[in-house]
Number of protein chains: 4
Amino acid sequence: MTNTQVTLVQIDNYGPWTVTPEPRREVDLQTLQSRLYADLSQLVGDRGGYVFFTRFDNMIAVTNGLDMDDHAVIQESVGNRYPVSISLSVATGQSPAAALSDATERLQAAGSAQDKSRREILEGRAIESDYRTDEDVQIAHFDVIDATGEYTDQLNAFDSFIEIEQGYAALMKYMRQENDALSFFVGGDNIIATCPDLSADEYEAAIDHVTAVADVDLRVGVGIGRNAHNAGMDAKHALEHARADDTKVEFLR
Amino acid sequence: MTNTQVTLVQIDNYGPWTVTPEPRREVDLQTLQSRLYADLSQLVGDRGGYVFFTRFDNMIAVTNGLDMDDHAVIQESVGNRYPVSISLSVATGQSPAAALSDATERLQAAGSAQDKSRREILEGRAIESDYRTDEDVQIAHFDVIDATGEYTDQLNAFDSFIEIEQGYAALMKYMRQENDALSFFVGGDNIIATCPDLSADEYEAAIDHVTAVADVDLRVGVGIGRNAHNAGMDAKHALEHARADDTKVEFLR
Amino acid sequence: MTNTQVTLVQIDNYGPWTVTPEPRREVDLQTLQSRLYADLSQLVGDRGGYVFFTRFDNMIAVTNGLDMDDHAVIQESVGNRYPVSISLSVATGQSPAAALSDATERLQAAGSAQDKSRREILEGRAIESDYRTDEDVQIAHFDVIDATGEYTDQLNAFDSFIEIEQGYAALMKYMRQENDALSFFVGGDNIIATCPDLSADEYEAAIDHVTAVADVDLRVGVGIGRNAHNAGMDAKHALEHARADDTKVEFLR
Amino acid sequence: MTNTQVTLVQIDNYGPWTVTPEPRREVDLQTLQSRLYADLSQLVGDRGGYVFFTRFDNMIAVTNGLDMDDHAVIQESVGNRYPVSISLSVATGQSPAAALSDATERLQAAGSAQDKSRREILEGRAIESDYRTDEDVQIAHFDVIDATGEYTDQLNAFDSFIEIEQGYAALMKYMRQENDALSFFVGGDNIIATCPDLSADEYEAAIDHVTAVADVDLRVGVGIGRNAHNAGMDAKHALEHARADDTKVEFLR
Ligand SMILES: Nc1nc2c(ncn2[C@@H]2O[C@H](COP(=O)(O)OP(=O)(O)OP(=O)(O)O)[C@@H](O)[C@H]2O)c(=O)[nH]1
Ligand SMILES: Nc1nc2c(ncn2[C@@H]2O[C@H](COP(=O)(O)OP(=O)(O)OP(=O)(O)O)[C@@H](O)[C@H]2O)c(=O)[nH]1
Ligand SMILES: Nc1nc2c(ncn2[C@@H]2O[C@H](COP(=O)(O)OP(=O)(O)OP(=O)(O)O)[C@@H](O)[C@H]2O)c(=O)[nH]1
Ligand SMILES: Nc1nc2c(ncn2[C@@H]2O[C@H](COP(=O)(O)OP(=O)(O)OP(=O)(O)O)[C@@H](O)[C@H]2O)c(=O)[nH]1
Ligand SMILES: [Ca+2]
Ligand SMILES: [Ca+2]
Ligand SMILES: [Ca+2]
Ligand SMILES: [Ca+2]
């Protein structure tokens, strides 16, 4: 049974900051956002977690293995290096969606995302180490079959992107509604989902749904582990097996 | 009349690199991709252009004002600092979509995105400075009305994101099909589009379409300029006017 | 008694790379070097260690608390994100200088810094966790007294720098020869040294030497801890006490 | 005749910031400083200039070709992305030292480096484009002969560094006092100097001085150009010639 620890990362009062005293140069905002994301990826990744860029102003992380002190260090380190600060809210649940709902509610209770006086909130609870197991995290790594031959080398670069993006839009919604899983586009033609305990059939149904709705053909490798990194590496290896054997769903444990 | 210069940026043979000799750590890939994007934002932005992260392995830039030498320096600088190299293809057209198609075809003609021997292609033509005008670029900055009150402070963070993402999926497709415009999610609840010469009515129709299809309410500020930065800053100011006056479409020239 | 674990970080075959196929743009080299240093600071710092930029192509780190697996992850992460790779050699000793000599010899034995075929060496041994104590690391944080009033606000910026630099040159040599300590300029008017078990008198003698030889007035805060971060933070607090009480040498335990 | 444009970059009120509300983690300060330097290298480098890290809190740049608007954009871009701001002061002179003195005085006149209310000063004047020539900048690239064989592969890494550092301390002082030139350590065994119009004999005298005082053997390549990048690339090529012909001083024009 999975027990996903999710952290919601929210830049404090970012909307108003972007236009104060007047609109800031877009390239600087883009640089700021993508570097903050890169830094969080490293800070969380060094401790075995994954961060997803999501909206950039609100990022979602799988943080099994990080305790509240780790979160505090990360928050402080960002505050030491950026003109903006971040709030962090941590929660756990059998499904990632339930965990995230819990984390979001805690943060909302502390104040609005655009409340000037709500700064550097650190809320919630991490899993006690005694309660952690080797099956806490399930990561699914989805990939478009032959994206290069089907899209990248055929269509113009935006039309390729539309295909992949529509595939993503279909998958994210389905996985959320049917499975309480959270799916994130991670670049190229890849989508990584943090999932509850799902079966091969449930993954196959998701893939079929995306083919039906968006006409995009996916395959998926699934890994299970103590933290996001372990589960994610297994998912990648499983995906390599799926590629080698031309199958649609592969698990690695 | 617009005359958008578009550059397609493609990481050379990136798919195979990510799994050679075996799958690389996802956090390192994420860090690499987002920093490469940040660096390109600065390199292109310093010369008045905009880059959009798109798929990260294929990025699309509006590069009016950058000649082929500028592109060569950017390509060299990336090669000097990253373990991967990039190919660049430049083209111009009255519509951004036409320009991008042209740029994509040139690059495809030089070899597949996953061709081991296709490296650091620099293709295409930039607009001669004598032919540049102050109306070459039209940038539209779309923003969700009260995203904080409607979504961020209400729903869980993923469900907020689903709403914004479905809004984006609807807008990108509509703008491409109806207007030959290219629309990019830039974080938060913001979408920036590079457009041909569109009227206020055409923007209003796009906004209405997104409300109808995805139930997301947008407004837009539009700017016109010699390069992406000039047009984009005007678009931001126009959006501030739209916010102040509670209108849906504002132009600034 | 201290037991400093030192890691030598060396960029593999970097000299030849900087001029192949022809000299690379200096700004790109500077960017590469300083970002590599920043990343190592974070990667090592996340685990409680300190890295010093030293020559940039050869960096020296205090790594108590990092085992060989941590070193392997850091090496891999750099290899995933940079066009150059690094070798790492780890050793321990009662004096930092002895530890570094040992680490250097191991790496030299594996091949020249400019040997094309010597790549990503990972050598040496980390302290077993059972043998670690709370007094393994002694960090001294030296600071010029009133650098702003004496130099920065008085002399031209280069002449200020000459003063500080001559102070550093004197201190680094003295501390190495008299105390087997390694001292590093860390920006501004600050020097951080990793030291064996030194007394207040020995620090005072060092400060007197620098005043005599280079006419630069220093004070120092000293901290002792399980790793560089713990000792270093105590050193900073000790320095604040020295500032408050206008003393020259302060210890914090 | 050279006409070097020098910019002094100073982080505003940085000393107090590093210890407010209490001492900040050293690894974060190191990361902040080295990334700020990397970003400035790119921002100035994209416009043909060179920045030297110097003390990190006070950096010195050769900025021929950047006008005051360029400086303003760079200042704004740093302000948009860092928790600290920078002041910039620009001056020109036949000798780099004279230019820097002028720039420093202007900034000192605007307030102390640690004056809370002195923020984002932008002072001075850039050379009008009509007055720029192809001989405005002279860059000398010094390099230790066979540093790898003499030091890196022989001594321990700190003792190697002491040798190079003492060589640098000797050169920087000599070049400043005898020639009004500003010399900067740029990593490895390399020193780059921005110089007035010096002859081969004057460079030879400097090299002889360093051999006599610090027992370190240097050679130097010299380039002359419209901006730092042009002069610097020629200096690098000249140095390659000096290596090939085993000479001590080479000019390239
Ligand atoms: N984030 C992430 N992206 C990846 C990874 N592997 C590949 N990609 C991306 O996916 C893109 C397409 O690569 P592939 O999936 O190998 O190419 P393909 O043509 O679809 O081939 P097959 O998937 O083998 O059918 C690359 O350009 C990368 O952007 C990965 O492990 N993580
Ligand atoms: N890329 C980019 N993102 C922005 C910009 N301005 C705001 N954002 C993003 O948009 C998010 C929401 O901010 P706002 O749009 O100001 O908030 P809102 O609640 O929707 O309020 P209104 O738009 O004023 O109705 C922020 O968190 C940012 O992520 C901008 O100029 N560029
Ligand atoms: N690396 C590092 N540099 C610091 C730290 N504190 C200060 N600095 C640097 O030192 C410079 C000078 O600051 P201070 O030492 O506070 O200034 P001062 O005028 O010498 O004043 P006193 O030291 O209080 O006599 C700053 O600009 C920073 O570059 C620190 O903790 N770490
Ligand atoms: N900043 C900078 N550093 C360089 C450059 N070229 C070399 N280096 C540094 O210098 C170090 C030593 O390399 P070399 O100078 O090639 O090696 P060497 O053993 O001294 O050999 P020779 O100089 O050829 O006698 C490298 O590790 C780099 O750190 C350069 O163009 N710029
Ligand atoms: Ca694929
Ligand atoms: Ca909005
Ligand atoms: Ca001081
Ligand atoms: Ca050399």
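A residue counts as buried here when its relative accessible area is under 20%, and as exposed when that value is over 50%. With this cut-off in hand, the reader can follow the metal sites of this structure, which is a predicted model.

The calcium ion written as ligand 8 is a convenient place to begin. Its coordination comes from chain D, where D:Asp143 gives two OD contacts, D:Val144 gives its O atom and D:Asp189 gives an OD atom, at 2.2 to 2.7 Å. Read along the sequence, these donor residues of ligand 8 follow the spacing D-V-x44-D. The site thereby joins distant parts of the chain, since D:Val144 belongs to strand β6 (residues 137–144) of chain D, whereas D:Asp189 sits in the loop between β7 (182–185) and β8 (190–195), 45 residues apart from it. D:Asp189 has a relative accessible area of 12%, and because this is under 20%, the residue is classed as buried. D:Val144 is buried as well, with a relative accessible area of 5%.

In chain C, the calcium ion written as ligand 7 is held by C:Asp143 through two OD contacts, by the O atom of C:Val144 and by an OD atom of C:Asp189, at distances of 2.2 to 2.7 Å. Its donors are spaced D-V-x44-D along the chain. Here the link can be followed from C:Asp143, in strand β6 of chain C, to C:Asp189, in the loop between β7 (182–185) and β8 (190–195), with their positions 46 residues apart in the numbering. Both of these aspartates, C:Asp143 and C:Asp189, are buried.

Chain B holds the calcium ion written as ligand 6, whose donors are B:Asp143 with two OD contacts, B:Val144 with its O atom and B:Asp189 with an OD atom, at 2.2 to 2.7 Å. The spacing of the donor residues around ligand 6 is D-V-x44-D. Distant parts of chain B are linked in this way, with B:Val144 in strand β6 (residues 137–144) and B:Asp189 in the loop between β7 (182–185) and β8 (190–195), 45 residues apart. B:Val144 counts as buried at 5% relative accessibility, and B:Asp189 is buried at 12%.

From the metal ions the path leads on to ligand 3, which lies between chains C and D. It is surrounded by 22 residues, of which C:Asp143, C:Asp146, C:Thr148, D:Glu26 and D:Asp57 come nearest. C:Asp143 thus appears in two settings, as a donor to the calcium ion of ligand 7 and among the residues nearest to ligand 3. Several polar contacts can be traced from chain C: an oxygen atom of ligand 3 is 2.7 Å from a polar backbone atom of C:Asp146, an oxygen atom is 3.0 Å from an N or O atom in the side chain of C:Lys236, and an oxygen atom is 3.4 Å from an N or O atom in the side chain of C:Asn190. The protein covers 90% of the 630 Å² of accessible area that ligand 3 has on its own. Two or more residues of the shell come from each of β6 (137–144), α5 (147–152) and α8 (228–245) of chain C, and from each of α1 (14–18) and α2 (26–45) of chain D. The element that gives the most is α2(D), with four residues. Sorted by class, the shell of ligand 3 holds six nonpolar, nine polar and seven charged residues.

Ligand 4 is surrounded by residues from chains C and D, so its site is shared between chains. Among its 22 surrounding residues, C:Glu26, C:Asp57, D:Asp146, D:Ala147 and D:Thr148 come nearest. A nitrogen atom of ligand 4 lies 2.9 Å from a polar side-chain atom of C:Thr18, while on chain D an oxygen atom of the ligand is 2.7 Å from a polar backbone atom of D:Asp146 and an oxygen atom lies 3.0 Å from a polar side-chain atom of D:Lys236. Taken alone, ligand 4 exposes 630 Å², and the protein buries 90% of that. The largest share of its shell, four residues, comes from α2(C).

The last step concerns chains A and B. Chain B can be laid on chain A by a turn of 180 degrees and a shift of 0.0 Å along the axis, with an RMSD of 0.0 Å. This is the relation of a two-fold axis. Within chain B, the residue closest to the rotation axis is B:Ser34, whose C-alpha is 2.7 Å from it.

Technical notes:
Residues are numbered from 1 along each chain as its sequence is written. Chains are lettered from A and ligands numbered from 1 in the order in which they are written. This is a predicted model: local features need pLDDT of at least 70, side-chain atom pairs count only at pLDDT 80 or more; totals for chains, interfaces and linings use all residues. Side-chain values use heavy atoms; hydrogens and water are left out. Donors are N, O and S atoms within 2.8 Å of the metal (3.2 Å for Na, K and Ca); water is not among the atoms, so sites may look incomplete. Buried means under 20% relative accessible area, exposed over 50%, partly exposed in between (1.4 Å probe, protein chains only). A residue is near a molecule or strand if one of its heavy atoms lies within 4 Å of it. A polar contact is a pair of N or O atoms within 3.5 Å; within protein, one must be able to donate a hydrogen and the other to accept it, and residues adjacent in sequence count only if both atoms are side-chain atoms. Accessible areas come from the Shrake-Rupley method with a 1.4 Å probe; for residues, only the protein chains shown count as cover. Ala, Val, Leu, Ile, Met, Phe, Trp, Tyr, Cys and Pro count as nonpolar, Asp, Glu, Lys and Arg as charged, and the others, Gly among them, as polar. Copies are superposed by least squares on the C-alpha atoms of residues with pLDDT of at least 70 in both.
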